[in-house]
Each structure stands twice: as C-alpha cells, then as structure tokens.
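Hi,

Here is the structure I said I would pass on. Have a look, and my notes follow underneath.

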Amino acid sequence: MEDESSMQDVVKAGINSQPNSLGDFSLGHHRHICKQSHFDLVFAAKQKSENRFVRLFFSPALGAPKVAFIASKKVGSAVKRNRAKRLMKEIYRLSQHNIPPLDIIMSAKHNLTTATFARAQAAIAPLLTRLST
C-alpha cells in the first residue's frame, strides 16, 4: 500500500519518476534554422556534400549548432516531401552526437521518398559524421 500512495503523491506533484529516455536525443525548435538571413549565411559558405538521398549545405556554427530540413516540389507531392523531411529529422536526431558543431541545411532528393529508413540511415548518417569545416 505504501508504494501506491507514494506513486499517487508523485503523480499529484506532477513529477515524472522515470527519466526521459529521449532527453539526450531531443531536437527542439531552438535547434532549427528559422530566419532567412541564417539560411543565406549557410548557403553563402558554399560548403556542401551530397549522396543519392540528400544534399547537405553547412557552415561553422554561429553559437549553438542549428539545422534545417527542406524538400522542394521536385521531390514530389506534399505527402512525399513530408515523409522525406521526417526521415531526415529522425536520422539527424539519432546521429546528432557524432556530428561536428556546424549549421546544416539538409535538402531531400527525389530518391529519398522511396528509400526505407534503414537504407536512408545507412547512407546519410556517415555523410553527416564526415562533415568538416
């Protein structure tokens, strides 16, 4: 009975007794490139890397590293573009601890819409970790 009452106290207090398993892998909005001027700075650096799934534009981070995910209409319908962005976000989220401190813009290519997650991750994660200024 003591265990139940202590759990109820924790729930009433609004305290989560279990650690957040995604805490180290979260990708909050404060980590996204939002302003056009920031996009322009990254594109102006003229540093890029690509493979068959994505094109990466990057520059040294201005403060905390930030990232943006884009998919043009050449990628396909809105459903395909959103799927491509979700894939890129998840791959970045899982690889973020191995990536150097850079501002990165990830641009999807058409091939990403038909790729499985495992195949896309196998191609994109090493590309992200090899980036350098």
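**What I found**

There is a polar contact between the side chains of Lys109 and Glu50, at 2.6 Å. Bear in mind that this is a predicted model. Lys109 sits in the loop that runs between β4 and α4. If you leave aside the residues within four places of it in sequence, Lys109 is in contact with Glu50, Asn51, Arg52, Phe53, Val54, Arg55 and Val75.

Stepping back to the whole chain: it has 4 helices and 4 strands, and along the sequence they come in the pattern α-α-β-β-β-α-β-α. Of the 133 residues, 35% are buried. If you take contacts between residues at least 6 apart in sequence, 77% of them join residues at least 24 apart. The chain exposes about 8,500 Å², with 54% of that supplied by carbon and sulfur atoms.

Now the core. The largest nonpolar core has 26 residues, and the ones touching the most other members are Ile104, Met106, Leu112, Ile124 and Leu128. At least two residues of this core come from each of β2, β3, α3, β4 and α4. There is also a second, separate core of 6 residues, with Ile33, Val42, Ala68 and Ile105 among them.

Leu128 deserves a click in your viewer. Leaving aside neighbours within four places in sequence, Leu128 is in contact with Leu56, Ile91, Tyr92, Ser95, Ile99, Pro100, Ile104 and Met106.

Some of those contacts lead to α3, which covers residues 78-95. This helix has 18 residues and spans 26 Å from first C-alpha to last, close to the 26 Å expected at 1.5 Å a residue. Its buried residues are Arg81, Ala84, Leu87, Met88, Ile91, Tyr92, Arg93 and Ser95. The cover over them includes β2 (54-60), β3 (67-70), β4 (102-108) and α4 (117-129).

Then there is α2, residues 36-44, where His38, Phe39 and Val42 are buried. Why do these buried residues line one face of the helix? Seen down the axis of α2, they fall within an arc of 100 degrees, so one face holds them. The face turned away from that buried side carries Gln36 and Ala44, both exposed. As for what covers the buried residues of α2, the list includes β2, β3 and β4. After α2 comes Lys46, with a positive phi near 55 degrees.

That's the lot from me. Shout if anything looks odd on your side.

Cheers

Note on methods
Residues numbered from 1 in each chain as written. Predicted model: local features only at pLDDT ≥ 70, side-chain atom pairs only at ≥ 80, totals over all residues. Heavy atoms only, no water. Expected span 1.5 Å × (residues − 1). Buried < 20%, exposed > 50% of the residue type's maximum accessible area, 1.4 Å probe, protein only. Contact = heavy atoms within 4.5 Å. Core = buried A, V, L, I, M, F, W, Y, C linked by side-chain atoms within 4.5 Å. Polar contact = N/O pair within 3.5 Å; in protein donor to acceptor, adjacent residues only side chain to side chain. Arc of directions from axis to C-beta. Areas by Shrake-Rupley, 256 points an atom, 1.4 Å probe, with all protein chains shown as cover.
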